[in-house]
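Welcome to my notebook. I went through this structure entry by entry, and I kept the notes short for anyone opening it for the first time.

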Amino acid sequence: MFSTSHIELSRDALKHNLSFLKRMLGKETRLAIVLKANAYGHGIEPFLKLAEGLGVRHFTTFSAREAQAALNARSKDSVIQIMGDLQDDAMAWAIQKGIAFHVFSLSRIERTLKIARDCARPAHIHLELETGMNRVGVPFKDLADVLAIIRRERELLRLEGTCTHLAGAESIVNHVRVTSQLEEFHRLCNCLAEAGIAPGLRHVSSSSGIFTYPESRLDMVRAGIISYGFWPTPEVRMRYLMDKTLNPKQSSYDPLRRVMSWKSHVMAVKSVEAGEFIGYGSSFLTTHKRRIAIIPVGYSEGFPRSLSNSGRVLIAGRRCQVVGTVNMNMISVDVSGITGVKAGDEAVLIGKQKRKSISVASFSEMANDLNYEVLARLSEEIPRVVVE
Ligand SMILES: *Cc1c(COP(=O)(O)O)cnc(C)c1O
């Protein structure tokens, strides 16, 4: 408590997004929700609890630390899967807790085998294949060796999934690259079949691919940003709206609802005469008399510094402009012309107030950032509360 702002998570909005995603995915494709970057700023613990309550049973993280938070929050038998980094001690922990993780190189599978043997417990693994992203993934030249190990060590290496990651399914610009990745993925899955190895859950798609390459959904999707109610890019939203198969009624209605709202309050109000600078330095000069409200949120909480002199905040149901630079813990906004603004009034940084709304998209387009980056940088210190 005693916080200068808080983030509300809407159960209704999440329920709405999940039913939309389930309708898109059908019965054959499992939904795994990505919880990296503190659940895209929503808070791993409250978000996982909310999602479990709405029937989600598969969560993926980047790190073991995030998986630990997910494990502590979990109350059902939900699957937890680590996609990213694991040092030896973390891998031993994951194996002991039955947490699945990706193996993406010959050396990582050798290390996994050794640690599983030391723990005398099987490792639950997902084989990540290199198909053209050129980040992590077993390259073709090592595949036969990796498959030989998996076949030989079935007791200690339980292959639960086979996957890859698409290098930019959010934009048509990458079409050739992405479609050749999909072809390569199926070719490599055939190598598994020839080696007599069942791939387990095949998963390649994140939020964008669900809409831009429906054939990439396969057995499971790893949905991050879309679950939280944000489109990966405006292009993905347009492609969904215009696609006659995905959106048969050609409705222009946005099927997603933002789960998060970020709220603070007015800390102080003051009048500034014409010809004065506001805040540090000289980036904002008043041309006439102004009323300024100070909001106790700044870049340390994750309000982008690039919104200096351009961001918007909702006060009294009106959009108010940030004036001057975004400080470490404060911003100043212009409330001239709104009568009665006083300390303690609600200020909405992301979300709705009366009939106006500020989305992270408009917020981050102004900041020239992606939704992803703004969400990922919301401070962990901000309390998260669940609302209906
Ligand atoms: C981040 C990530 C995802 C989720 O991406 P979204 O665009 O947020 O859906 C899926 N898979 C991997 C490997 C990721 O790193």
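By about how much of a helical turn are K49 and E45 separated in helix 3? I looked this up early: they are four residues apart in helix 3, so about one helical turn lies between them. An α-helix has 3.6 residues a turn, so residues three or four places apart point the same way.

**Entry: ground rules.** I note that this is a predicted model, where local features need pLDDT of at least 70 and side-chain atom pairs count only at pLDDT 80 or more, while totals for chains, interfaces and linings use all residues. Residues are numbered from 1 along each chain as its sequence is written, and side-chain values use heavy atoms, with hydrogens and water left out.

**Entry: the whole chain.** I found 12 helices and 18 strands in the protein chain. Both are DSSP runs numbered from the N terminus, helices being H or I with at least four residues and strands being E with at least two. The C-alpha atoms fill a box of roughly 80 × 50 × 40 Å along the principal axes. Of the 388 residues, 54% count as buried. Here buried means under 20% relative accessible area, exposed means over 50%, and partly exposed is in between (1.4 Å probe, protein chains only).

I also looked at the surface, which comes to about 17800 Å² of accessible area, 51% of it belonging to carbon and sulfur atoms. The areas come from the Shrake-Rupley method with a 1.4 Å probe, and for residues only the protein chains shown count as cover. Then I checked contacts, meaning heavy atoms within 4.5 Å. Among contacts between residues at least 6 apart in sequence, 66% join residues at least 24 apart.

**Entry: charges.** I read off 51 positive and 40 negative side chains, with the centres of the two sets 6 Å apart. Lys and Arg count as positive, Asp and Glu as negative, and His and the chain ends are not counted. Each charge is placed at NZ of Lys, CZ of Arg, CG of Asp or CD of Glu.

**Entry: salt bridges.** Side chains of opposite charge can pair when their charged atoms come close. The rule asks for a side-chain nitrogen of Lys or Arg within 4 Å of a carboxyl oxygen of Asp or Glu, and the count comes to 17 salt bridges.

Back in helix 3, K49 and E45 form one of them, with their closest N and O atoms 2.9 Å apart. K49 is partly exposed at 44% relative accessibility, and E45 is partly exposed too, at 43%.

Next I looked at D142 and K141, a salt bridge with its closest N and O atoms 3.3 Å apart. Are these two partners buried or exposed? D142 counts as buried at 15% relative accessibility, whereas K141 is exposed with a relative accessible area of 67%.

R377 and E373 meet in another salt bridge, at 2.8 Å from N to O. R377 counts as exposed at 55%, and E373 is partly exposed at 34%. I also noted a network in which salt bridges that share partners join E8, K263 and E346.

**Entry: helix 4.** Which residues of helix 4 are buried? In this helix (residues 64-73) I listed A64, E66, A67, A70, L71 and A73. They pack against helix 2 (36-40), helix 3 (44-53), strand 3 (58-61), strand 4 (79-82) and helix 5 (88-97).

**Entry: helix 2.** I stopped at A37, which has a positive phi of about 50° although it is not a glycine. A37 sits in helix 2 and is partly exposed at 30% relative accessibility. N38, another residue other than glycine, has a positive phi near 55°. N38 also has its place in helix 2, but it is buried, with a relative accessible area of 15%.

**Entry: a positive patch.** Which residues form a positive surface patch? My note reads R318, R319, R355 and K356. Patches are made of residues with over 30% relative accessible area and no salt bridge, with like charges joined within 9 Å and nonpolar side chains (Val, Leu, Ile, Met, Phe, Trp, Tyr) within 5 Å.

R319 lies in strand 14 (residues 318-323) and is partly exposed at 46%. R355 is in the loop between strand 16 (346-353) and strand 17 (356-358), and it is exposed, with a relative accessible area of 85%. Last of all, I noted that the C-alpha atoms of R355 and C191, 164 residues apart along the chain, are separated by 56 Å.
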